[in-house]
Amino acid sequence: LTLEIYQDPSKTVGVYPINKAGDVNFGSFDVDILKPYLLSDNREELDELTKKQALLLQKELRSRGIIPVKEFSGSKGYHVWFFLKEPVSVVDMYAMLLKIKQDVGLVDKRLDVELFPKQDSVRDGGYGNLLKLPFQLHKVSKKQCYFVDNNFEPHFPETLPLNSPDLIPQAPEKELQTGTVNFAQVPGPSVQPYNLKLMLSKCRVLNEMQRINDSKYFEGKPGH
């Protein structure tokens, strides 16, 4: 990647957040207006709502000690970025982004908030989802993307804040979905079917299980 390519308006330069080690060094929220409402007569109202949503996400990040930056995405909303001094596990980053999205909520059902990274893992040989880098020309709207201040005026910081990776909490461990099931602990139906005995007598599989469970069909010593 060269500066010439980056500044070429005919090209779009993006980044895949997750590296080969499964780590990320930034996170981002993508605040957008849902497509069915893009041509709405209330577009000015929706634009103001996207700003409110971006500010709420910024506030939540700052409450966690994380300093973000906001970017006009060139079309229908804003990106709320934050960058880290060192990479962290994508599992931890995604869990935090999801928790923030849930805690903040949506200010209006006509909006959407996407997360980047969009997932906490990628398949072998995969890359995940591409995110357009700042200062690109949006190919559809033909508008330039740029950072904004809290008044949503163009803002060009000399440096970007780099946050400590220690601010990203470790994700809670997922419960294992594999292994054996102790059926003795699985509650049965409160009322048995009226024809249960008939079903059991007619079921070939259950009858076979009952037959092989008979001790006279087993050979060898116990434990073998």
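Q: What makes H2 oblique to H3?
A: In this predicted model, the axes of the two helices come within 10 Å and cross at roughly 120°. Axes here are lines fitted to C-alpha atoms, for helices over the stretch in contact, with angles running from 0 to 180 degrees between N-to-C directions. Under 35 degrees is roughly parallel, over 145 roughly antiparallel, 65 to 115 roughly perpendicular, and the rest oblique. The value fits none of the named ranges, so H2 is oblique to H3. As for handedness, the crossing of H2 and H3 is right-handed, meaning that the near helix is turned clockwise from the far one by less than a right angle.

Q: Which residues of H2 and H3 meet?
A: On the H2 side there are Gln53, Leu56, Leu57, Glu60 and Leu61, and they meet Met96, Ile100 and Val104 of H3. Contact means heavy atoms within 4.5 Å. The residues of this contact divide into 6 nonpolar, 1 polar and 1 charged. Leu, Met, Ile and Val are on the nonpolar list, Glu is on the charged one, and Gln falls among the others, which count as polar.

Q: What are the ground rules for these values?
A: Local features need pLDDT of at least 70 and side-chain atom pairs count only at pLDDT 80 or more, while totals for chains, interfaces and linings use all residues of the predicted model. Residues are numbered from 1 along each chain as its sequence is written, and side-chain values use heavy atoms, with hydrogens and water left out.

Q: How do you know that arginine 64 and aspartate 103 meet in a salt bridge?
A: Their N to O distance is 3.9 Å, and the rule asks for a side-chain nitrogen of Lys or Arg within 4 Å of a carboxyl oxygen of Asp or Glu. So the pair qualifies under that cut-off. The bridge links distant parts of the chain, 39 residues apart: arginine 64 sits in the loop between helix H2 (43–63) and strand S3 (69–72), and aspartate 103 in helix H3 (residues 90–104). Helices and strands are DSSP runs (H or I, at least four residues; E, at least two), numbered from the N terminus.

Q: Which residues are linked in a network of salt bridges?
A: Glu60, Arg64, Lys99 and Asp103. Arginine 64 also pairs with glutamate 60, at 3.2 Å between the closest N and O atoms. Lysine 99 reaches aspartate 103 at 2.7 Å, and these two lie 4 residues apart in helix H3, about one turn. By the same rule the count comes to 8 salt bridges.

Q: Why does arginine 64 count as partly exposed?
A: Its relative accessibility is 25%, and buried means under 20% relative accessible area, exposed over 50%, partly exposed in between (1.4 Å probe, protein chains only). Aspartate 103 at 43% is therefore partly exposed too, and so is lysine 99 at 40%.

Q: Phenylalanine 152: buried or exposed?
A: Buried, because its relative accessibility is 11%. Phenylalanine 152 is in the loop between S7 and strand S8 (162–163) and has a positive phi of about 65° although it is not a glycine.

Q: Lysine 142: buried or exposed?
A: Exposed, since 57% relative accessibility clears the upper cut-off. Lysine 142 is in the loop between S6 and strand S7 (146–148), and its phi is also positive, about 65°.
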